[in-house]
Amino acid sequence: ARSLIFSASIPPYAVATVQKCLDIIRSEPERRAKLWENARHLKDGLVSMGFDVGTCCTPIVPIIIGNTERTFFFYKMLFEGGVFTNPVIAPSVPESSSRIRTSLMATHTAEQIDRALEIIQRAGRKAGII
């Protein structure tokens with residue numbers, strides 16, 4: 001795109017998007033509160049099942065697997081079960097700490113998170129992670 005070649009400025013549409021996002025954040029603080037509630041729900045569920053989530057303190061909750069092959073096997077089972085995640089492998093993380101990256105939104109319901117936890121638990125057992 002011409003606006004991105006040899007330019008250090010941000011395209012106008014990106015500025016407008018960020019401005020609108022900041023307006024929503026300021027005017028609807030309940031969304032952030034709900035997002036943190038959802039993150040605690042997922043993290044607590046994962047920890048209670050025996051998953052390693054490291055020292056996570058964001059709504060992007062990792063599930064640390066370690067082995068790259070097992071990480072992709074687990075990712076595939078989650079995807080086939082209807083849970084969208086992202087595998088993260090070396091060199092993005094150290095060789096022995098491959099992981100699954102989960103991301104939450106304020107609009108997720110407790111029921112959706114519980115369903116995801118069921119699928120994650122089933123896949124974790126099948127993959128020998130928990």
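1. Let me start with Arg-26, which counts as exposed because its relative accessibility is 62%, over the 50% cut-off for that class. This is a predicted model, so please read the contacts below in that light. The side chain of Arg-26 meets that of Asp-23 in a salt bridge, 3.7 Å from N to O. Both residues belong to helix H1 and sit three residues apart, about one turn of the helix. Asp-23 is partly exposed, with a relative accessible area of 40%.

2. While you are looking at H1, have a look at Val-18, Leu-22 and Ile-25 too. Together they make a nonpolar surface patch of about 230 Å². Val-18 lies in helix H1, which covers residues 12-27. With a relative accessibility of 48%, Val-18 counts as partly exposed.

3. Helix H2, residues 29-49, also holds a salt-bridged pair: Lys-34 and Glu-37 both lie there, three residues apart, about one turn of the helix. Their side chains meet at 3.5 Å, N to O. Lys-34 is partly exposed at a relative accessible area of 26%, and Glu-37 is partly exposed at 43%.

4. Next comes helix H4, residues 110-126, where Glu-118 and Arg-115 are three residues apart and so separated by about one helical turn. The two form a salt bridge in which the closest N and O atoms are 3.3 Å apart. Glu-118 is partly exposed, with a relative accessible area of 42%; Arg-115 is partly exposed as well, at 43%. How does this spacing suit a pairing? An α-helix has 3.6 residues a turn, so residues three or four places apart point the same way. Side chains of opposite charge can then pair when their charged atoms come close. For the overall tally, the structure holds five salt bridges, among them the pair in H4.

5. Helix H3 is a nice one to check with a ruler. It runs over residues 68-81, and at 1.5 Å a residue its 14 residues should span 20 Å; the end C-alpha atoms are 20 Å apart, which agrees. Which residues of H3 are buried? They are Thr-71, Phe-74, Met-77 and Leu-78. Seen down the helix axis, these buried residues fall within an arc of 130°, so they line one face of H3. On the other side of H3, Glu-69 and Glu-80 are exposed.

6. Turning to the strands, S1 takes in residues 60-66 and is mostly covered, with six of its seven residues buried. S1 pairs with strand S3, residues 98-103, in the antiparallel sense over six bridges. If you would like to follow the register in the viewer, Ile-64 has Arg-99 of S3 as its bridge partner, and Gly-66 has Ser-98 of S3.

7. S3 also pairs with strand S2, residues 86-88: three bridges join the two, which run antiparallel. Here Val-88 stands opposite Arg-99 in S3. Arg-99 is thus worth selecting when you view the sheet, as Ile-64 is bridged to this residue too.

8. Which residues of S3 make its covered face, and which its uncovered one? Ser-98, Ile-100 and Thr-102 form the covered face, while Arg-99, Arg-101 and Ser-103 form the uncovered one. In a regular strand the side chains alternate between the two faces of the sheet. The two lists for S3 can be read against that pattern, with Ser-98 on the covered face and Arg-99 on the uncovered one.

9. One backbone detail deserves a look in the loop between S2 and S3, where Pro-91 lies. The peptide bond from Ala-90 to Pro-91 is cis, with omega near 10°.

10. Last, a residue back in H2. Is Leu-46, which is found in helix H2, buried or exposed? Leu-46 counts as buried because its relative accessibility is 0%, and buried means under 20%. Leu-46 and Val-88 are 42 residues apart in sequence, and 18 Å separates them in space, C-alpha to C-alpha.

Technical notes. Residues numbered from 1 in each chain as written. Predicted model: local features only at pLDDT ≥ 70, side-chain atom pairs only at ≥ 80, totals over all residues. Heavy atoms only, no water. Buried < 20%, exposed > 50% of the residue type's maximum accessible area, 1.4 Å probe, protein only. Helix = DSSP H or I, 4+ residues; strand = E, 2+ residues; numbered from the N terminus. Pairing = 2+ DSSP bridges. Patch = residues over 30% accessible without salt bridge, like charges linked within 9 Å, V, L, I, M, F, W, Y side chains within 5 Å. Areas by Shrake-Rupley, 256 points an atom, 1.4 Å probe, with all protein chains shown as cover. Salt bridge = Lys/Arg side-chain N within 4 Å of Asp/Glu carboxyl O. Expected span 1.5 Å × (residues − 1). Arc of directions from axis to C-beta.
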